[in-house]
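Here are my notes for your first look at this fold. Keep the viewer open and find each residue as you read.

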Amino acid sequence: MNDLISDILLGIVEGITEFLPISSTGHLLIAERWLGARSDLFNVAIQAGAILAVTFIYWRTIWSLLTNWRRPETRDYVMKLGVAFLITAVLGLIVTKLGFKLPETITPIAWALIIGGIWMMVAEKVAANRPDQVFVSWRVAILVGLAQMVAGIFPGTSRSASTIFVAMLGGTTNRAAATEFAFLVGIPTMYAATGYELLKTFTHGGAAGEDWTGLAVAFVVSTIVAFVAVKWLLGYIRSHRFTVFSIYRIVLGIALLLFLPAGG
């Protein structure tokens, strides 16, 4: 029962933090210090739960993209989503095959939170001084793909923060438009990552050791919580900047450096 409660709590943490620009990976690594470490499959699966929530939220947009693909503007947008996804997938696979992975310890996460928080403030200020632009250029699509890959390598960076703010700096200065593109790119990315981890698990015989009940419960919890969190975020950014998230990241990063042992 204690393990099940821990799984539920990890699902809640993932659901809240996956799409808020505060780093779900960083929060999960911190939470696992007290709740116990989980497998890579578990972590990717609950991320997929959060992605499923976004799929539900954006189902009308996704359906429109699928059914109106003959329109030039729709094809253009879908191609940009595809290119951003392919950049992430190809480069991410190369990095994985090379075995490059940063230590998942508190100190680099803390610094990533602090630096990311400062960068968010600067990026939003720069974007605010430019004309409001909802158009997604090819430059933005390429930058978002690269940002996703970088966020996957550096724990604490935040996939949503990296992609949203690189889109805003790249020219899509409208917060809602940048957020929507970033989230839509994340849908195939995380489904692909989940499928890859499932394949690795079954190929290497790790399925027998996985707690599938706990994983399923955490997946459902993550989906429900993420649905609520994303709905709230999309309403919040219509009239607010991301400043509160920047401050939270900086405060949390400093607290981790001060109160937790270095390298722990």
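1. Start inside. This is a predicted model, and its largest nonpolar core holds 44 residues. Within that core, Ile164, Phe181, Phe183, Phe242 and Phe245 touch the most other members. Several helices build the core: H3 (40-57), H5 (72-98), H6 (106-128), H7 (138-153), H8 (159-170), H9 (175-203) and H10 (212-236) each give at least two residues. H9 supplies the largest share, with eight residues. As background, nonpolar side chains tend to be buried together in soluble globular proteins.

2. Now step back to the whole chain. How many helices and how many strands are in the protein? The count is 11 helices and zero strands. Read from the N terminus, the order is α-α-α-α-α-α-α-α-α-α-α. The radius of gyration is 18 Å, close to the 18 Å that the globule rule gives for 264 residues, so the protein is as compact as a globular protein of that length.

3. Some overall numbers follow. Along the principal axes, the C-alpha atoms fill a box of roughly 50 × 40 × 35 Å. Of the 264 residues, 47% count as buried. The accessible surface comes to about 12,900 Å², and 70% of this surface belongs to carbon and sulfur atoms.

4. Check how the chain meets itself. Take the contacts with a separation of 6 or more. Residues 24 or more positions apart account for 84% of them. One aromatic pair, described next, gives an example of a link between distant parts of the chain.

5. Look at the rings. The whole structure has eight aromatic pairs. One of them joins Phe19 and Phe183, edge-to-face, at 4.7 Å centre to centre and with 70° between the planes. Phe19 lies in the loop between helix H1 (2-17) and helix H2 (24-35), while Phe183 belongs to helix H9. The two are 164 residues apart in the chain. Are these two residues buried or exposed? Both Phe19 and Phe183 are buried.

6. A second pair to find is Tyr236 with Phe245. Their rings also meet edge-to-face, 5.9 Å centre to centre, with 75° between the planes. Tyr236 has 17% relative accessibility. The cut-off for buried is under 20%, so Tyr236 counts as buried. Phe245 is buried too, with a relative accessible area of 7%.

7. Stay with Phe245. Which residues does Phe245 contact, leaving aside neighbours within four places in sequence? They are Leu20, Pro21, Ile22, Met120, Trp232, Leu233 and Tyr236. Phe245 also belongs to a cluster linked by ring pairs, together with Trp119, Phe165, Trp232, Tyr236 and Phe242.

8. Two arginines sit over rings. The charged end of Arg33 is over the ring of Trp34, 5.9 Å from its centre. Arg38 lies over the face of Phe42, with 5.6 Å to the ring centre.

9. Do not skip Gln47. This residue is in helix H3. Is Gln47 buried or exposed? Gln47 has 9% relative accessibility, so Gln47 counts as buried. Not counting residues up to four places away in sequence, Gln47 touches Glu14, Glu18, Ser24, Thr25 and Met190. Find these contacts in the viewer, then return to the core of 44 residues.

Notes
Residues numbered from 1 in each chain as written. Predicted model: local features only at pLDDT ≥ 70, side-chain atom pairs only at ≥ 80, totals over all residues. Heavy atoms only, no water. Core = buried A, V, L, I, M, F, W, Y, C linked by side-chain atoms within 4.5 Å. Buried < 20%, exposed > 50% of the residue type's maximum accessible area, 1.4 Å probe, protein only. Helix = DSSP H or I, 4+ residues; strand = E, 2+ residues; numbered from the N terminus. Contact = heavy atoms within 4.5 Å. Phe/Tyr/Trp six-rings, centres within 6.5 Å; stacked < 30°, edge-to-face > 60°. Lys NZ or Arg CZ within 6 Å of the ring centre and 35° of its normal. Rg over C-alpha atoms; globule rule 2.2 N^0.38 Å. Areas by Shrake-Rupley, 256 points an atom, 1.4 Å probe, with all protein chains shown as cover.
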